[in-house]
Amino acid sequence: MAAGKSVVGRKLAHRLKRGFVDLDQVIELREGMKVREIFKVKGEAYFRELERLTLRELLRRDGLVIATGGGVVMDEENLDLLKRQCLLICLKATPEMLLKRSGRGEERPLLKGGDRKERIAKLLKQREERYDQAHLSIDTTALSLDEVVENILEAIGNLTAPSPLPSPSGRGRG
């Protein structure tokens, strides 16, 4: 939440020449209401089921950069699918920065009630074990958008770079 998933995802997709999809936006378009309204009118369980079904549908398409909501990984099946089928990247930031970035929080149903900074810290703690299972984690607190995207591109490059191991003949990479 407010770590930069959508803005980073858009820019990353552009740099990779891939399509970009924001999972929450797809759900909002299909339901004809904002996520906060879905939570209010139909409940979190209903939203999470939509999220699960929509994610599975999107993962059947190739070449997408997908920005998911921060809670998507709390569903074990979602997390397993993402880990198996994607490069799963977790964008993190300090609770103070997330609070600042989330503005008044009206669009954030999980920040309703009580002290918002405490709510953020509690959500991060609840999700920490799941977030730690991502293939790559980047703390966006002190980074610009371009720096975050460059870090991701570098990590992708490292995944696809040829191995520096010597050839079987022992003479290097020839």
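**Salt bridges, cores and a positive phi**

Mentor: Let us begin with one ion pair: Asp 132 and Lys 92 form a salt bridge through their side chains, at 3.0 Å from N to O. The model is predicted, and that distance should be read accordingly.

Trainee: Where in the chain do Asp 132 and Lys 92 lie?

Mentor: They connect distant parts of the chain, 40 residues apart. Asp 132 belongs to the loop between helix 7 (116-131) and strand 4 (136-139), while Lys 92 is in strand 3 (residues 89-92).

Trainee: Are Asp 132 and Lys 92 buried or exposed?

Mentor: The range between 20% and 50% relative accessible area is called partly exposed. Asp 132, with 48%, is therefore partly exposed, and Lys 92, at 29%, is also placed in that class.

Trainee: How many salt bridges does a search of the whole structure find?

Mentor: The search returns 14 salt bridges. One of them joins the side chains of Arg 30 and Glu 57, with an N to O distance of 2.4 Å. This pair links helix 2 to helix 4, with Arg 30 and Glu 57 27 residues apart. Arg 30 is partly exposed at 46% relative accessibility, and Glu 57 is partly exposed at 30%.

Trainee: What salt bridge does the side chain of Arg 52 make?

Mentor: The side chain of Arg 52 meets that of Asp 75, at 2.7 Å from N to O. Arg 52 lies in helix 4, whereas Asp 75 is 23 residues away, in the loop between strand 2 (64-67) and helix 5. Asp 75 has 17% relative accessibility; buried means under 20%, so Asp 75 counts as buried. Salt bridges may also form a network, as they do among Glu 44, Arg 48 and Glu 51.

Trainee: I should like to turn to the nonpolar residues. Which residues have the most contacts inside the largest nonpolar core?

Mentor: In soluble globular proteins, nonpolar side chains tend to be buried together. Here the largest nonpolar core has 23 residues, and those with the most contacts inside it are Leu 23, Ile 27, Phe 47, Leu 55, Val 72, Val 73 and Leu 82. Helix 2 (23-31), helix 3 (35-42), helix 4 (44-59) and helix 5 (76-85) each give two or more residues to this core. Helix 4 provides the largest share, 5 residues.

Trainee: Which residues does Val 72 touch?

Mentor: Leaving aside residues up to four places away in sequence, Val 72 touches Leu 23, Arg 48, Glu 51, Leu 55, Asn 78 and Leu 82. Apart from the largest core lies another, of 18 residues, among them Val 8, Leu 12, Val 149 and Ala 155.

Trainee: How many aromatic pairs does a search of the whole structure find?

Mentor: The search finds 1 aromatic pair. Phe 39 and Phe 47 have ring centres 5.2 Å apart and ring planes at 40°, so the pair is tilted. Planes under 30 degrees apart would count as stacked, and those over 60 as edge-to-face. Phe 39 and Phe 47 are both buried.

Trainee: A last point concerns the backbone. What is the phi of Lys 17?

Mentor: Most residues other than glycine have a negative phi. Lys 17 is not a glycine, yet its phi is positive, about 60°. Lys 17 sits in the loop between helix 1 (5-16) and strand 1 (19-22). With a relative accessible area of 76%, Lys 17 is exposed.

Note on methods: Residues numbered from 1 in each chain as written. Predicted model: local features only at pLDDT ≥ 70, side-chain atom pairs only at ≥ 80, totals over all residues. Heavy atoms only, no water. Core = buried A, V, L, I, M, F, W, Y, C linked by side-chain atoms within 4.5 Å. Buried < 20%, exposed > 50% of the residue type's maximum accessible area, 1.4 Å probe, protein only. Helix = DSSP H or I, 4+ residues; strand = E, 2+ residues; numbered from the N terminus. Contact = heavy atoms within 4.5 Å. Salt bridge = Lys/Arg side-chain N within 4 Å of Asp/Glu carboxyl O. Phe/Tyr/Trp six-rings, centres within 6.5 Å; stacked < 30°, edge-to-face > 60°.
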